[in-house]
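Thanks for coming, everyone. Please have a look at the next slide, and then we'll talk through the packing.

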Amino acid sequence: MTPDEVAEFNTSVPEGRARYASGAPVTEILERGLVTVDEASVYAILEGVPALMPELRMVRGEGAPANAANPAGPRQEPWADYWEKVSRHWDDLRPPRRPAPQDIALFEGLVAEGCAGARSARPRALLLGVTPEIATMRWPAGTQLLALDGSAAMIRHVWPRRAVPGAAVVQGSWSAMPIRDATCDIVVGDSSIAHQAYPDTFFAVVGEVGRVLKDGGVLATRAFTRPEEREPVEAIFDDLRNGRIGTLDYCRWRLAAALHGDRATGTRMGDIWDVWEANVPDPGELMRSLGWPQEAARVMENLRGGEAVLIFPTLAELRAGLVEDLEEMACEFPDYEDGDRYPILLLRRKPRSGRRSRA
Ligand SMILES: C[S@@+](CC[C@H](N)C(=O)[O-])C[C@H]1O[C@@H](n2cnc3c(N)ncnc32)[C@H](O)[C@@H]1O
């Protein structure tokens with residue numbers, strides 16, 4: 001938008017004439033904005049980052065009816081809160097939660113393998129999320145990187161903007177990507193696709209990955225999977241007390257898998273906290289006995305009362321959901337603790353049969 005267009009839009013804000021597509025009034029004035037080609041919709045650019053989430057779409061003029069039932073503005077799902085907390089404690093997170101150097105070496109190798117023989121001199125890569133280790137990894141020569149993440153807090157606090165000055169970042173949804181069909185050579189995600197709410201969001205995201213990838217383009221994704229055989233929670237606490245678990249990050253994900261329902265139900269974060277609290281009434285004492293710093297117990301705190309649900313598919317469930325547009329090329333496992341639960345898959349976009357496009 002030109003400065004004049006922004007100024008004109010801003011005059012409508014105090015009058016309550018600017019609305020989100022949901023009908024809720026816009027309450028913040030725009031500093032900069034983008035307007036759609038049909039001039040009907042406006043998206044804010046916040047601190048240099050286009051906010052292209054569908055629920056942040058603003059409608060100009062008479063386009064959107066007022067919605068008295070929703071005066072609070074765009075809907076905030078439980079995940080928004082969670083990622084806000086995670087963004088503030090990002091530096092405390094450890095593998096397997098964050099990718100280990102070994103994961104990054106696997107990602108680099110798989111992406112290079114997937115792009116070998118590809119003709120694009122400037123491959124376009126889409127990063128699902130803002131994981132700094134992936135953003136700063138070695139990409140094929142000439143790669144243009146775009147990161148897409150739904151959390152403004154994660155973009156603000158975690159995206160390594162100074163380390164990747166040539167890359168772009170956009171706030172947007174993976175299930176409605178603001179990206180044209182068949183324009184990406186590479187899509188990479190760390191523990192991203194597998195954990196989407198099942199089935200609707202998962203299949204929407206997989207469909208979007210298939211839509212934006214060029215024929216022959218590749219997806220490399222790490223997943224947190226749960227084993228086919230459920231392990232008893234007691235066995236996990238027994239391993240923890242006896243020094244057989246390396247960090248609480250491994251412990252937390254084992255608990256998540258052990259408490260998991262079916263794929264649609266997953267594990268409520270607050271339930272992991274409740275089991276932890278019941279089994280470890282004095283975390284300080286446990287940290288001392290294991291010789292771990294007191295702050296190590298903090299990684300469990302983010303789960304307390306959390307309503308967000310973690311989905312850990314089995315590897316077979318994950319594979320079964322990916323096959324429509326994609327073909328598996330490789331599956332690698334890191335050799336750190338429980339590495340068999342954290343595969344990195346490389347998949348290639350199957351050729352489209354005839355022309356197909358989606359609105
Ligand atoms: C890539 S994932 C995982 C990164 C890291 N390994 C971890 O476990 O935290 C985390 C990011 O994905 C983003 N995210 C998750 N689901 C999303 C979706 N459907 N659309 C857009 N962003 C999403 C979250 O906002 C968050 O910043």
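Let's start with a quick one: is the crossing of H7 and H9 left-handed or right-handed? It is right-handed. Before going further, keep in mind that this is a predicted model.

Now the details of that pair. Helix H7 covers residues 233-241. Its axis and the axis of H9 are 12 Å apart, and the packing angle is about 55°. H7 and H9 are therefore oblique to each other. On the H7 side, the contact uses Val233, Phe237, Leu240 and Arg241. On the H9 side, they meet Val275, Trp276 and Asn279. By class, that contact has 5 nonpolar residues, 1 polar and 1 charged.

Next, H8 against H9. Helix H8 is residues 248-258, and helix H9 is residues 269-279. Here the angle is about 115°, with the axes 10 Å apart. The cut-off matters for this one: 65 to 115 degrees counts as roughly perpendicular. So H8 and H9 are roughly perpendicular to each other. The crossing is again easy to state: H8 passes H9 right-handed. Which residues meet? From H8 we have Leu248, Arg252, Leu255 and Ala256. From H9 we have Ile272, Val275 and Trp276. The class count for H8 with H9 is 6 nonpolar, no polar and 1 charged.

That leaves H7 with H8. Their axes come within 9 Å and cross at roughly 170°. That makes H7 roughly antiparallel to H8. H7 brings Val233, Ala235, Ile236, Phe237, Asp239 and Leu240 to the contact. H8 brings Leu248, Cys251, Arg254, Leu255 and Ala258. Those residues divide into 9 nonpolar, no polar and 2 charged.

Some residues turn up in two of these lists. Val233, Phe237 and Leu240 of H7 touch H9, and they also take part in the contact with H8. Leu248 and Leu255 of H8 meet H9, and they also contact H7. Val275 and Trp276 of H9 are met by H8, and by H7.

Zoom out to the domains. The assignment gives domain 1 as 3-75, domain 2 as 96-220 and domain 3 as 227-310. How far apart are the C-alpha centres of domain 2 and domain 3? The answer is 29 Å. In contact, we have 5 residues of domain 2 and 6 residues of domain 3. The area buried between domain 2 and domain 3 is about 590 Å². Carbon and sulfur atoms give 61% of it. On the domain 2 side, Pro96, Arg97 and Tyr198 lose the most area to domain 3. Together they make up 85% of what that side buries.

Two of those names come back in the backbone geometry. Pro96 follows Pro95 through a cis peptide bond, with omega near 10°. Pro96 lies in the loop between helix H2 (78-88) and helix H3 (101-115). Tyr198 is joined to Pro199 by a cis peptide bond too, with omega about 5°. Pro199 is in the loop between strand S9 (184-190) and helix H6 (200-212).

One last backbone item. Glu39 has phi near 65°, which is positive in a residue other than glycine. Where is Glu39 found? It is in the loop between strand S2 (32-35) and strand S3 (41-46).

To recap the helices: H7 and H8 are roughly antiparallel, H8 and H9 are roughly perpendicular, and H7 and H9 are oblique. I'll stop there and take questions.

Key. Residues numbered from 1 in each chain as written. Predicted model: local features only at pLDDT ≥ 70, side-chain atom pairs only at ≥ 80, totals over all residues. Heavy atoms only, no water. Axes fitted to C-alpha atoms, helices over the stretch in contact; angles between N-to-C directions. Helix = DSSP H or I, 4+ residues; strand = E, 2+ residues; numbered from the N terminus. Parallel < 35°, antiparallel > 145°, perpendicular 65-115°, else oblique. Left-handed = near helix turned anticlockwise from the far one by under 90°. Contact = heavy atoms within 4.5 Å. Nonpolar A, V, L, I, M, F, W, Y, C, P; charged D, E, K, R; others polar. Domains from an automatic or database assignment. Buried area = accessible area lost by both parts, 1.4 Å probe.
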